[in-house]
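Work through the exercises below with the model at hand. Each task is followed by its solution in steps.

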Amino acid sequence: MALVLAAIQAAIPLTGAARGNGRWMAVARPAAYGQFSFLFMAFVTLAYCFVNNDFTVSYVANHSNTLLPVQYKISAVWGGHEGSLLLWALVLAGWTAAVALWSHHLPRLVSARVLGVMGLIAVGFNSFLLFTSNPFDRLLPDFPADGGDLNPLLQDPGLIVHPPMLYMGYVGFSVAFAFAIAGLLGGRLDSAWARWSRPWTTVAWCFLTVGIALGSWWAYYELGWGGWWFWDPVENASLMPWLAGTALMHSLAVTEKRGVFKAWTVLLAILAFSLSLLGTFLVRSGVLTSVHAFASDPTRGLFILIFLLLVVGGSLTLFAFRAQTFRSESQYQLFSREVLLLVNNIVLVCATGVVLVGTLYPIIFVALDWGQLSVGEPFFNTAFTPIVLVLMVFTGIGPLVNWKRQRFDLLRKSLVQAFAISAGLAATALWTFNEGWNWLVFATLLLCIWIVFHGLFESWKKIRTAKAGFFAGMKRLSRSHWGMVIAHFGLAITIAGVTMTSNYDVERDVRMHAGDSVNIGPYLFLFEGVLDVRGANYTATRGQVRVTEEGEPIAFLEPEKRHYFVRQSVMTEAAIDAGFTRDLYVALGEPLEDGSWAVRIYYKPFMRWVWGGAIIMALGGFVALTDRRYRVKLTAKLGLDSNSAVTGG
Amino acid sequence: MKIVMIVGLLLVSSINWASIDAYEFQSLEKEQQFRQIITELRCPKCQNQNISDSNAGLAKDIKDRAYELILAGKSNAEITDYMVDRYGNFITYRPPLTASTYVLWFGPFVLALLALIIFVVVKIRQQNNPPAELKQEQHQQVSQLLKKLEDLEHKR
Amino acid sequence: MKSLKWLLFGLPLLGFIAMAFLFFNALGSDPSLLPSARLDQKIPAFELETLAQPGAMVSTATVKGPLLLNVWATWCPSCQLEHPMLLELAKAGIPIVGLNYKDERAAALKYLELHGNPFQYNIFDQKGSLGLDLGVYGAPETYLVDAEGVIRYRHVGVVDPKVWTQVLWPRWQAMGGFDPQSTAAGDKP
C-alpha cells in the first residue's frame, strides 16, 4: 500500500515536468495522457483509502469515519483542501487529455502550444499539491483508530456532483486560456482560432452553470436557512468566471463570424481563467472571511499568489505586447450586431467588476487603513439590478439585429409591438399572481417576456425566409442558433424566478406547540409535534407538519434536527415541498422553555425557476455544441473562413 | 467549490447552523422590518454570516437589541447607525455611501460607461473618414465561396 | 496615439499588478480582527452592579483611569490563558478593572477565588448590555482607558508578555499611565 502511494507520489512531479517540456511537439500528446493516467491512479488510490478506512493517511483520518455511508466516503475524497486540489489537478489533466485527443485536426504548432500552456499550468498545480497540500501525508506510527468524520453539511447527494461540476467549469476555462496564449504566441488570431476555442469555452461554461446552480440549490435546502445565494466571497469567486465566461462566449462568436474584437476576446479568455485562479487564491489564503473559508494558511496563499503572478502577470504582459498588432478583418456600422454584442460584453464585464470590487473592497479598505467594512447582499442587489435590466434589454434586441449594419427604422415597428405585448403579458401575469404591484418586478417580468418573445419572433422570421415548410425551416436553422435561443430562455426564466422569489417570499419564525397552526398565504401549516429517530451516524428530532390549502391536503413535511455523534454537531435538515410555482419550506429550530418549538416557515414563489432556468441555459450550451460546424472538421482546415451570417451567436 | 471549503470550518470557527428564534410582534410591518434588519447586520464574531443566520451568543444579543429598538419605534436606518456606532462599518452589509466608498459604488459603472463612450467616439470618427474598402470585395468573394460550400453540405 | 495604445493594452496588466500588491499586503493578516468603533470616545453610559456585591452600583463616572478594562468570563478559555499575565500586571501596580461579561455570578466569584484576583473591582454585565455598547465581540478584550474615561485602545485576544511590551505598554505610557518601574510598587489606589 505505502509502496504504491510512494510510487504515485514520485510519478506526479515527473509527469508534471514532462508536461512542461510539452513544447517538444510530439511529446505533448502522450505526456498529456500519461499525466492524466497517473493523476487518475492517485485519485483512485485516495478513494480506495477512504473506502477501506485507511486512517494512516491523515487526510482520510480527518475527513472520514467508519460509520460514514460509502457514497459519502467517495465524495469525502474531495471534501477537504488537499483532496479538492487533487480533484482540481485531475480535472485539469482530464481537460488536457481531451484537448490532446480531439486536436488532431489542428495544425501541429497550435496544438503543441495549447498543450504546452496547459502543461505549464499543470506543473504549477501539481507542485502546489505536492509541496503544500499532499493528500497522502501519513500519520505514522500513531494513527487514530477511527476518523474524524466528514462535516455533516457535506453528507449530501448534491455534494457528490457539485464540486466536480464546478471544477470542470473553472478548469475548463484553462483551455480557452491556453488557446488565447497560443494565439498570442503565434500571432495568429482569426476566425479559425475563435472556432477552435469556442466549443471548449461553451462546454466549460455549461459545467460551470450547472455547478453554480447545484451549489445554490444545496445551500438552499441544506444550510437550513432558506437562502440560495449569499454573495459570499466563495460564491462570488464562482460567479466572476461565469460572468467573464459568458462575455467570452459572446465575444468569441463575433470573432468567429466577423473577425473583429480580437484583442478583446483574448483579454476575456485570460480574464475568465484568471478569475478562476483568483477565486482559488481568495478562498484558500484566508485574506477574506467567508462562511466557507478554509483554515487560513498564508504559505498556501503565498504559493497561489506567486502562481497567479506568473500565470496572469505573464499572460497580461504578453497581451500588452502582442495584442496591439491585431487588425480587424471586416467593417461594421455603429448599429450592428457586432456593436450590440460588444455592449453586452461591456455590461457583463461591468457586472464582473461589481462582484470583484465588492469582494475585494474590504481588503482595500483595510490596506488603506480605513477600518473594516462589510460588503454584502444589500450592496450587490442594488448594484446588480440596473445591470441586469440593461443586459436584458440588449439580450432581447441583439439576435434581431444584422451583422455589419442595421437600419433602425426597419426594427422600430417590431420593437414597439414586442414592447407592448410584453408589457401586456407582464401586467396580466402580475395581476393573476395577485400579491401586490411592484414596478421593479413589472419591469423585470416585462423584459423576461421580451427576451422570450424576441427569441421566438426572430426564429419564426428566419424559418419563414427559409421558404420551406415549418419543420423543414426549423431544421435549417443551425443548432447553435437554437442553443442561443434556449440559453436566453433559461436566462429569462432564472431572472423571473429570482425576481418573484425575492420580492414576494414570506418568511416567518414562529413559536409552536403541538397542535398549533399558522397561516401563510393560502396555506395552513399545522404543527403536530415531534418524533425521535435514529440514522446511520446521527440521532434526530423530527417535526411533523401538515400543510393544507382550503382543507385540501398539500403536503406532510418532516424537518429534522440532527445530532451527529462523531463531530458532536447539530444540523438542521429542512423539509421542502417543491412545486412549479412555489416552494414551501419548514425548518425546525430550538425547543423553547414552555415546551413549544421555534419553527421557521417559508413560502417562496417560483423558487424552482431559478435553478430550472440555469439548467436550461446549460442545455442551450450543449445544444449549441452539437452544431454541425463543430462536428464537421472539414471547415476548420480552411482557416480563413468567415461564416455567413445565417447562424446566430 | 464552496462546499469543499466548508470542511475547514471545523478548525476555524464557532459556527452553528441556522438559529431560529421566534420574536413576536404586534404588526406584520414590524416583523418584516425586523426580518430585514437582521439580514443586513453582520455577526461580528462569526465568519461571513448575518445575525439572522448565526446563533452565536453575540448575534442573539444584537438581535435582542434590534428587537427592543424596533419596539421603541426606531427605523432600520437608525438601528444601523446605532450598531455602526458600536461596532463600526463592519456590522452592516450595506456599505455607507461616503467618499471612501465611491469607487465601490460607482467604479465599475463609470469605467463601463467610459469604455462605451470611447468606443462610440472612435467608431464615429472612423465612419466619418472610412479607410479604402479594398478588402471588402475580397471578403464578399470568400463568403460567397463559403456559402457554396455550406449549400453543398446541406445537400449531403 | 502610440503611447495611448500602450496605455490601453497595458491597462489590464497595471490593474493586476495593483491587485497583486494588495493581496501580498493582505496575506497573513487576520481579517477577523476588528478595530474598535469606540476609540477616542468616552465609555458609554451604564449603571451596573459590581460582581462582588449585589446592589453596589458602578457607573461611567467611576471608571476613570488610566486603567486597563479587561473583558472576561468563566466560559472563555482564552481568558484563563491570560489570567496569569493579568495577575502579574496587577502585582506590578497596573490598575485593572474587570468587565465580567455574560457570566454567572457564583461561577465568576469561585473562579477568582481559585485563580487569584487581578481586578480592583468587577463590573457585572450579565446580559452583555455594556458589552454591546462597547462593541465587544469576543472575550477576552482589553481596553486602555485614560484619566478622562476615554477609550484609547482596544486589544482583542489574549494579553501575553509580547502583546504587553510591544502593543499595550507604549500606548499605556503615551496616555500617561502609571509606570510601575519609576514608582515603588504597592501604591495601588
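**Exercise 1.** Determine the handedness with which H12(A) passes H6(B), then their relative direction and the residues that meet.

Solution.
1. The crossing of H12(A) with H6(B) is right-handed; that is, the near helix is turned clockwise from the far one by less than a right angle, anticlockwise being left-handed.
2. H12 spans residues 337–367 of chain A and H6 residues 102–128 of chain B. Helices are DSSP runs (H or I, at least four residues), numbered from the N terminus.
3. The angle is about 155 degrees, and the axes lie 9 Å apart. Axes are lines fitted to C-alpha atoms over the stretch in contact, and angles run from 0 to 180 degrees between N-to-C directions.
4. H12(A) and H6(B) are therefore roughly antiparallel (angles over 145 degrees).
5. Among the residues that meet are A:Ile346, A:Cys350 and A:Gly353 in H12(A), and B:Gly107, B:Phe109 and B:Phe119 in H6(B). Contact requires C-beta atoms, placed from the backbone, within 7 Å.
6. By class, this contact holds 17 nonpolar, three polar and no charged residues. Ala, Val, Leu, Ile, Met, Phe, Trp, Tyr, Cys and Pro count as nonpolar, Asp, Glu, Lys and Arg as charged, and the others, Gly among them, as polar.

The model is predicted: local features need pLDDT of at least 70, side-chain atom pairs 80 or more, while totals for chains, interfaces and linings use all residues. Residues are numbered from 1 along each chain as its sequence is written, and chains are lettered from A in the order written.

**Exercise 2.** Describe the contact of chain B with chain C.

Solution.
1. Chain B gives 13 residues and chain C ten.
2. H4(B) supplies the largest share of chain B's side, five residues.
3. That side divides into six nonpolar, two polar and five charged residues.

Terms used:
Helices (H or I, at least four residues) and strands (E, at least two) are DSSP runs, numbered from the N terminus. Angles under 35 degrees count as roughly parallel, over 145 as roughly antiparallel, 65 to 115 as roughly perpendicular and the rest as oblique. Two residues are in contact if their C-beta atoms, placed from the backbone, lie within 7 Å.
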